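Open the model in your viewer and keep the selection panel at hand. The stops below go from a ligand to its surroundings.

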Amino acid sequence: MEFRDSRYVVHEGCDHIFFVGFLGAGKSTLARNLGELFHRRYVDTDRLAERIAGKSLAEIYENDGEELFRQAETEVLHTLKSKKSLLVSCGGGIVEKDINLALMREMGVIVFLDGDLSDSLRQIQRTDRRPDLGSVENATQLYRRLRPRYEAAADITIDIREKTFEQVAIDSGKLLWERGLL
Ligand SMILES: Nc1ncnc2c1ncn2[C@@H]1O[C@H](COP(=O)(O)OP(=O)(O)OP(=O)(O)O)[C@@H](O)[C@H]1O
Ligand SMILES: O=C(O)C1=C[C@@H](O)[C@@H](O)[C@H](O)C1
Ligand SMILES: [Mg+2]
């Protein structure tokens, strides 16, 4: 059943806000915080992809490989077309596929949380559950490869370096509110 609540902002057409950025940057925390502050529903593409596949991200990678996970991720994005006004925290690798970028652009705006790799690595508690991460060398390579893709995809970039999660929520909430996006 479609969730309805008069406190929630409803714009015309599809008006999702997609948060992209490296693994552990704080995308889910921000989307959840902004959802509470601005009464917008929040979803996470990794969790939705796990639901489609019926297993955890780590299990998908191990049993089926990354490609199947990426397919589930694209499927997830398609399902969001029929929804409205969502705050969407995206998997770190969502920018790997051009089709995902096109779908996100079609459905709303893309916000890039631009942070340091060292902060991401510190914030990720269970690196064993993160198949994409691997060693520090691997994570560094991945960060170098993905960062230009986040930058190119972004409608809005938020510098999150040396900011607390709370500061990021306040700064980005203000910015998105001023642009009429929240
Ligand atoms: N207020 C906070 N202060 C410090 N650390 C926090 C705070 N909120 C969350 N964290 C930590 O930072 C981690 C990363 O945050 P979050 O899960 O929001 O990032 P993400 O970008 O969504 O990562 P993922 O790659 O898992 O999708 C959390 O798992 C948590 O351990
Ligand atoms: O290793 C991981 O935890 C992840 C791998 C990528 O597919 C990402 O897209 C996903 O967000 C997380
Ligand atoms: Mg997340």
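How do the residues of the shell around ligand 2 divide into nonpolar, polar and charged? Five are nonpolar, three are polar and five are charged. Keep in mind throughout that this is a predicted model.

**Stop 1: the shell.** Select ligand 2 and the residues within 4 Å of it. The selection should hold 13 residues. Asp46, Tyr61, Arg70, Arg130 and Asp132 are the closest of them.

**Stop 2: polar contacts.** Show the oxygen atoms of ligand 2 and look for three partners, starting with the side chain of Tyr61, which places a polar atom 2.5 Å from a ligand oxygen. Next, pick Asp132, where a polar backbone atom is 2.7 Å from an oxygen of ligand 2. Then go to Gly92, whose backbone also offers a polar atom, at 2.8 Å from a ligand 2 oxygen.

**Stop 3: burial.** Turn on the surface. Ligand 2 taken alone exposes 310 Å², and the protein buries 98% of that area. The site of ligand 2 is the largest pocket.

**Stop 4: the helices.** Colour α3 (57–63) and α4 (66–79), the elements that contribute two or more residues to the shell around ligand 2. With three residues, α4 gives the most.

**Stop 5: a pair within α4.** Select Glu66 and Arg70, both in helix α4 and four residues apart, about one turn of the helix. Their side chains form a salt bridge, with an N to O distance of 3.0 Å. Arg70 is also one of the residues closest to ligand 2. For the whole model, the count comes to 16 salt bridges.

Notes:
Residues numbered from 1 in each chain as written. Chains lettered and ligands numbered in written order. Predicted model: local features only at pLDDT ≥ 70, side-chain atom pairs only at ≥ 80, totals over all residues. Heavy atoms only, no water. Polar contact = N/O pair within 3.5 Å; in protein donor to acceptor, adjacent residues only side chain to side chain. Areas by Shrake-Rupley, 256 points an atom, 1.4 Å probe, with all protein chains shown as cover. 1 Å grid on protein atoms, 1.4 Å probe; cavity = no way out; pocket = protein on both sides within 12 Å on 5 of 7 lines; lining within 4 Å. Sits in = over half its atoms within 2 Å of the grid points. Nonpolar A, V, L, I, M, F, W, Y, C, P; charged D, E, K, R; others polar. Salt bridge = Lys/Arg side-chain N within 4 Å of Asp/Glu carboxyl O.
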